[in-house]
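Colleague: Please give me a close look at one part of this model, in plain words. I'm new to this, so explain each term when you get to it.

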Amino acid sequence: MTRGVTAARLRRAGLAWVTAALMGAAGAQNLTAYSALAGSLDGAVQVRAQSAEQALNRLDAAGKALDELAPTLRNQQIVRGLRDALGRSRAALARTPAELEAQVQLARGLMRKALYDQSLAALGAQPANASSQLMLLTREFGLTGDAASALNADAKAGRLERVAWRLQRAAVQKVSAALQATQARQTTGSYVNLARATGWFTVVQDSASAGDLKLSQFGDALRQLTSGDTAGLTSSLGTLRRGTQVFAQTLAQPPTLTPARPATGTPAGGTPVTTPATPGSGAQDSGAQGSGTPGSAPTTTPGTAPATPGTPGATRAPGAEAVYAALGRALAASGHADGLTARAALQDASTQLARAGTPLRDTAEYLTLQRALEGAQNRAAPRPSDVQALIAGLANAERAARGEAVSALDRASLGTAGWFSGWVRALIFLLLGVGVAAPLYLLNLAFGGRNVYWRAITAGLVLLLLPLFLEGVFGFLGALGDAMGGGALAGLTNVTLSQGAYALPVWALLALGAIGLLAFGFRGLCLQFGLLGDQGSTHTTAQHTVIDWDEDV
């Protein structure tokens, strides 16, 4: 049974490669696999609301169709983008149906981009034998009636400029319609519509008529929507709508006919193109809006487009920027004892990390960081050092993804933060902070307070141990306040000297005072014992010392 299945898979794979070789000269694709992939993705969206299991089955079928389609696609960057989008679609099944729909919209945009590029090359090589290609093009771009007839006529006549123009105009109309339906607020409808606009613009991103409109601008708008940046989203939507309007106006008139060549500026043979910035979950339940209140950070932010060689961030693992951004918000919130916002940002970071693609998620450090984030999401009284350890863990995962050596210190910090934090940290430091009173009391009891030097030593020890006392008492009170819902009690954590950079000068002053008092006290004792000064006064000083000690005892 297994051997037969394996043989069947080998036959299918061999057939796909043979088909690719036969059609390669004309730049054609496996149209059957393309249709199967499109149908499976669209079907997954349709059945998701009723059954996540059925949607998963459709995505499994989409994966098989992509395996057959991939060898016939010239642009391998699009192949990688499709595989990543399929992986994110699987991850979206655990969230809302809108999540899945948004991911599918982006995947369909990449599919249409590959179809658009290679179809123009195929039509230029064999315009008389391209009826199947034209039928798929008209269906994918939503052309019917006279529009479809005109496209067919231009293709058969070899007028590829007109073919490209008609397809671009159809795509831009869909971009414009999706942008008009997108509202400048954090809703499910806006999220899906903006993802749809991004997918359609992917098809025509490198058109000479696009002007200043870039795919990265759509990615920025997606990030602003998912992060609840209403002001930024409003500005970005205005820019996108104006740019799309100019794009459409440029395409208002058909191009001048020239000998049959694609005049679109699009690659005909697999030139690398930009893949869309991929949104994360961001979508909320239908009709839900961002609250705009502290701690209501969205569950996700969009990921990042793969960096191309020679550009800044070329070594950044895909998806890591969104995790860094969420951890940065958590660090800022924990720095002023806002535990509610910090935990929301940590949940955001965990969700974003789940969407990270390869090679980041293939490392052992990724799994370690994932477990650490899951444990940190509901931790009481998150402290800046806890979040700093998570950031160090993410940096380690990136280094591992690049094949570099990881930092043993960062790994140890992440492991330590996993257990020595929250209530464990608060209770241990409370015991230590309260416990500093014991040696100070015994010191005073043993040597009394009449000797000025012993009083100086006692005062120096008080200053030296004061940071431990503050950490123990106020750290515990802050954790207690965080557990009770925040307020002024939770803010007492900010009194500790390990909370932020603002406390370092205070700590330095306390240490300076302690060193001065201890030096003064011990120097005085040395003088009393005759260890410093002239030796002639040693006997007298020692005699007075004995008297002082006798009186103190």
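Modeller: I'll begin with the whole chain, zoom in on one helix and one cavity, and then make a few short stops elsewhere.

First, some ground rules: this is a predicted model, so local features need a pLDDT of at least 70 and side-chain atom pairs count only at pLDDT 80 or more, while totals for chains, interfaces and linings use all residues. Residues are numbered from 1 along each chain as its sequence is written, and side-chain values use heavy atoms, with hydrogens and water left out.

Now the big picture. The protein chain has 21 helices and zero strands. Helices here are DSSP runs of H or I with at least four residues, strands are E runs of at least two, and both are numbered from the N terminus. Of the 553 residues in the chain, 47% are buried. Buried means under 20% relative accessible area, exposed means over 50%, and partly exposed is in between, using a 1.4 Å probe and protein chains only. Contacts (heavy atoms within 4.5 Å) often bridge long stretches: among those between residues at least 6 apart in sequence, 72% join residues at least 24 apart.

Let's zoom in on helix 12. It runs over residues 320-335, which makes 16 residues, and its first and last C-alpha atoms are 22 Å apart, close to the 22 Å expected at 1.5 Å a residue. That expected span is 1.5 Å times one less than the number of residues. Ala320, Ala322, Val323, Ala326, Leu327, Ala330, Ala333 and Ser334 are the buried residues of this helix. Look down the axis of helix 12 and these buried residues fall within an arc of 160°, so they line one face. The arc is that of the directions from the helix axis to the C-beta atoms. It helps to know that an α-helix has 3.6 residues a turn, so residues three or four places apart point the same way. The buried residues of helix 12 pack against helix 13 (339-355), helix 14 (364-376) and helix 15 (384-401).

Next comes alanine 337, which sits in the loop between helix 12 and helix 13. Its phi is positive, near 60°, though the residue isn't a glycine. Most residues other than glycine have a negative phi. Alanine 381, in the loop between helix 14 and helix 15, also has a positive phi, about 50°. Alanine 381 is buried, with a relative accessible area of 13%.

Those two alanines turn up again in a cavity. On a 1 Å grid over the protein atoms alone, a cavity is a set of points where a 1.4 Å probe fits but cannot get out, and its lining residues have an atom within 4 Å of a point. The structure holds six cavities of 30 Å³ or more, and the second largest contains about 80 Å³ of space. For such volumes, grid points are joined across faces, edges and corners, and the volume is the space filled by probe spheres set on the points. Ser334, Ala337 and Ala381 are among the residues lining the second largest cavity, as are Asp338, Gly339, Pro382 and Arg383. The rest of that lining is Gly478, Asp482, Ala490, Thr493 and Gln499. By type, the lining has four nonpolar, five polar and three charged residues. Ala, Val, Leu, Ile, Met, Phe, Trp, Tyr, Cys and Pro count as nonpolar, Asp, Glu, Lys and Arg as charged, and the others, Gly among them, as polar.

Helix 19 (residues 452-483) is worth a stop too, with phenylalanine 476 in it. The C-alpha atoms of phenylalanine 476 and alanine 426 are 4.9 Å apart, although 50 residues separate the two along the chain. Neighbours within four places aside, phenylalanine 476 is in contact with Trp423, Ala426, Leu427, Leu430 and Glu471.

Finally, compare helix 7. The buried residues of helix 7 are Ala148, Ala150, Leu151, Asp154 and Ala155. Seen down the axis of helix 7, they fall within an arc of 160°, so they line one face. On the other side of helix 7, Asp146 and Lys156 are exposed. Glycine 158 follows helix 7, and its phi is positive, near 80°.

Notes: 1 Å grid on protein atoms, 1.4 Å probe; cavity = no way out; pocket = protein on both sides within 12 Å on 5 of 7 lines; lining within 4 Å.
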